[in-house]
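The exercises below are to be worked with the sequence and the structure side by side. Each task is followed by a stepwise solution.

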Amino acid sequence: MRNRLSSLKISAILTAAILVATATPAVAQGQAYKAPRTADGHPNLNGIWQAMNTANWDIRPHAAAMGPVPMLGAQFSTPGGLGVIDGDDLPYLPAAAAKQKENYANRVKLDPEVKCYLPGVPRATYMPFPFQIVQSAKTIMLVYEYAGGVRTVDMEKVTKAPADSWMGWSTGKWDGDTLVVDVTSLNDSTWFDRAGDFHSDALHVVERYTPRSADTLMYEATVEDPKTFSRPFKITMPLYRHVEKNAQLLEYKCPEFAEEVLYGPLRKKPNNN
Amino acid sequence: MIRIPMRRNLLALAAGACLVLTAAPVWAHHAFAQEFDEKKPITLKGTVTKWELINPHSWIHMDVKGADGKVINWMVEGGSPNNLFRLGFTKDALPPGTEIVVDGYQAKDGAFRAVGKDLTFPDGKRLFMGGSAPGSHGESEK
Amino acid sequence: MTTSRCISIIVLAIALLAVDPASAQALAAAKATNTPAFTPPRTPDGVPDLQGVWTNASAVPLERPKGLGAKEFYTDEEAAQREKQSQDQAERAVGGRQTEPGTVADVHYDLGQYGLSRSQSKTAESKRTSLIVGPEGQVPPLLPEAQKRQAERAAANRGHQWDGPENRGLSERCILWPNEGPPMLPVGYNGNLQIAQGPGYVAIMQEMIHDVRIIPTDGRPHAPQSIRQWMGDSRGHWEGNTLVVDTTNFSNKTAFRGSSDKLHVIERFTRANDDTILYQFTVEDPTTWAKPWSAEILITKSAGPVFEYACQEGNYGMANILSGARATERKAAEEVAAKK
């Protein structure tokens, strides 16, 4: 009798141990984090997110460097970054590589960010400003604090844009827990960063937003542009949730801030009477 | 018994309708008057080099051969393209190389820039919406 | 607090006690659209569904045409007359020139050729004589202090209106368009908005100029008073099937119809039927108007989509306006010099 009880006890303990071991999220065993669901059963990506890196300065690995405005000294110089691309450099075609160097030399004049122009994709994701995901089943709105940029991702059907635009034409679908967004019809006027990295109107971006933990997403953008690059390349970075109480996007209506730059020379001079 | 609206109601109705239906924003006219000269009407005949489908105004760039044989590239201001998109027009509706005729007004600052009033193909058909001649009625013709 | 304000509050309180606000809204929505009282579909989170692409284009003027007095609604015949005028206008707009060649009024691209004439866009059917409700149907007159503010602003700009970008209107500067508000008013064209709802938020994106109002409905307080924004700061909550949005924290640069940073806007969105949202708003600013004023607009389903309206990026106009003004000044200076 005592032997049977003992073996029962041992079985019970072993069973319990196995149940405990398998009950916890299996992150340790290499399985992906499974995000909570929205009420309609999709991974919940709602929230206010922001990248925390120096990609907007330069998406390639780079050391700290003097900024383009000497009078702003250490306040506006380039911080170093390990890069957000796969590899040490971008696979520019030779002519494009030369153009990028020219862009860099003239970046104060040419960077669309200076003029408060919409940043395009994927730069909008890693501007030093938060963005908010408002997610419904049919439409996912990506709202960017910088310049009030917005993208509506059509989750129902794939359609074609009638013309190019600054923020492109986005259609989306789910791949497991990952939101996959296909972005076409981007115009050729945006840059990837402040370092003059650019593209043509043949740009095509496929984004993947994957929940990594309760407060982080993993963002991956595959960039292809056969007129500029010899092969596609990937941009990868975590996105962090704004967890402070009552976090919200504020306005950054920057046309006002760019008026001196854009129209200063056209102002009426005092002695023009 | 048929109720006939009081005359003053009809008058008010007409006035109200006029205000609502004909008025472009007042500021728009005022600003256009600074950009373009009502005393410098112009007719441009040429070929499209680029169609900028942008806001707040779209722009048609066109090569125009002057009397001296020199080709000058003009840019012609038009309306927001967004409703054209909703009506099914795309960037392919006006490809480079298309011959067009533009009636409009020249820029005040002497640049090769104009606001386009009537936009037609050489046969008189309107580029986007409207009949084949001013004053005629018509459905949109793509 | 003025006596009239006290009385208004008491009257409102009595009204609220008498009628459940939720059903009052449903009745108002049914009446406005002449459709049966509507139970709206719900989002998966269980709140009324306002989502989709909508247009607030309207043939109804904000203020009642002079001479109509307290008449809030046209008869069926009068409404049909207004509709007919709209149709006639559409034909003229598509057909050709409506202005005299060689005049300043003619210096504009033809809206009709681009499908932008107001008469070429779908508008909600309405028998209202004005969007502003009530016996007056007008924006109340400006209080003396508001008139003074307006006069000072005008005086400062007089003779300087073409000097630089700061002297131009907010639309020309691509900062804010009058349709954006809040309150959101009908505009000549592209009057489209897209509403998306996520848990605890309602996002309203307007085509011009692509601004998105993200309205939290979780009961949080407004942003700190020291934060002033062009479009203010909005907070929403549900009353029955109605989304009530309260907006404060306006910048004094917004100056909606001459108002100050004391501007306070309350909006109500009620789905009246599958294709219509009843949009009501009340505007108040004790430094601008003696009393609040309210309006009602029917927002209707639109085929969409909303296209990008990248204003800043395409704003050749600002440079051209200033360049034109400088050219005019140069020419005038040359003429003066030539006479000497």
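**Exercise 1. Describe how strand S5 of chain A pairs with S4(A) and with S6(A).**

Step 1. Strand S4 (residues 150–154) and strand S5 (residues 169–175) of chain A run parallel and are joined by two bridges. Helices (H or I, at least four residues) and strands (E, at least two) are DSSP runs, numbered from the N terminus, and two strands pair if DSSP finds at least two bridges between them. The bridge partner of A:Asp154 in S5(A) is A:Thr171.

Step 2. On S6(A) (residues 178–184), the pairing with S5(A) is antiparallel, over seven bridges. Here A:Lys173 stands opposite A:Val180.

Step 3. The hairpin of S5(A) and S6(A) has two residues between the strands, and A:Gly176 in this hairpin takes a positive phi near 65 degrees.

The model is predicted: local features need pLDDT of at least 70 and side-chain atom pairs pLDDT 80 or more, while totals for chains, interfaces and linings use all residues. Residues are numbered from 1 along each chain as its sequence is written, chains are lettered from A and ligands numbered from 1 in the order in which they are written, and side-chain values use heavy atoms, with hydrogens and water left out.

**Exercise 2. Place these strands in the sheet of chain A: in what order do the strands close into a barrel?**

Step 1. The order is S1-S2-S3-S4-S5-S6-S7-S8-S9, nine strands with mixed pairing. Neighbouring strands of this sheet are turned by 30 degrees against each other on average, direction ignored; the axes are lines fitted to C-alpha atoms.

Step 2. Strands S8 (residues 216–224) and S9 (residues 233–241) of chain A pair in the antiparallel sense over eight bridges. In this pair, A:Tyr219 stands opposite A:Met237 of S9(A).

**Exercise 3. Analyse the ring pair of B:Phe89 and B:Phe128 and the cluster that includes both rings.**

Step 1. Rings of Phe, Tyr and Trp (its six-membered ring) pair if their centres lie within 6.5 Å; planes under 30 degrees apart count as stacked, over 60 as edge-to-face and the rest as tilted. This rule gives 29 aromatic pairs over all chains.

Step 2. B:Phe89 and B:Phe128 are 5.9 Å apart, centre to centre, with 90 degrees between the planes, an edge-to-face pair. B:Phe89 lies in the loop between helix H3 (82–86) and strand S4 (99–107) of chain B, and B:Phe128 in the segment after strand S5 (113–120), 39 residues apart. Both are buried, where buried means under 20% relative accessible area, exposed over 50% and partly exposed in between (1.4 Å probe, protein chains only).

Step 3. The ring centres of C:Tyr109 and C:Tyr114 are 6.1 Å apart and the planes stand at 80 degrees, so this pair is edge-to-face. C:Tyr109 has 3% relative accessibility and counts as buried; C:Tyr114, at 2%, is buried too.

Step 4. Ring pairs link B:Phe32, B:Phe36, B:Trp51, B:Phe89, B:Phe128, C:Tyr109 and C:Tyr114 into a cluster.

**Exercise 4. Characterise the fold of chain C by its elements and its radius of gyration.**

Step 1. Chain C has five helices and nine strands, in the pattern α-α-β-α-α-β-β-β-β-β-β-β-β-α along the sequence.

Step 2. The radius of gyration of chain C is 22 Å, close to the 20 Å of the globule rule for 340 residues, so chain C is as compact as a globular protein of that length. The radius is taken over C-alpha atoms, and the rule is 2.2 Å times the number of residues to the power 0.38.

Step 3. Of the 340 residues in chain C, 53% are buried.

How values were computed:
Axes fitted to C-alpha atoms, helices over the stretch in contact; angles between N-to-C directions.
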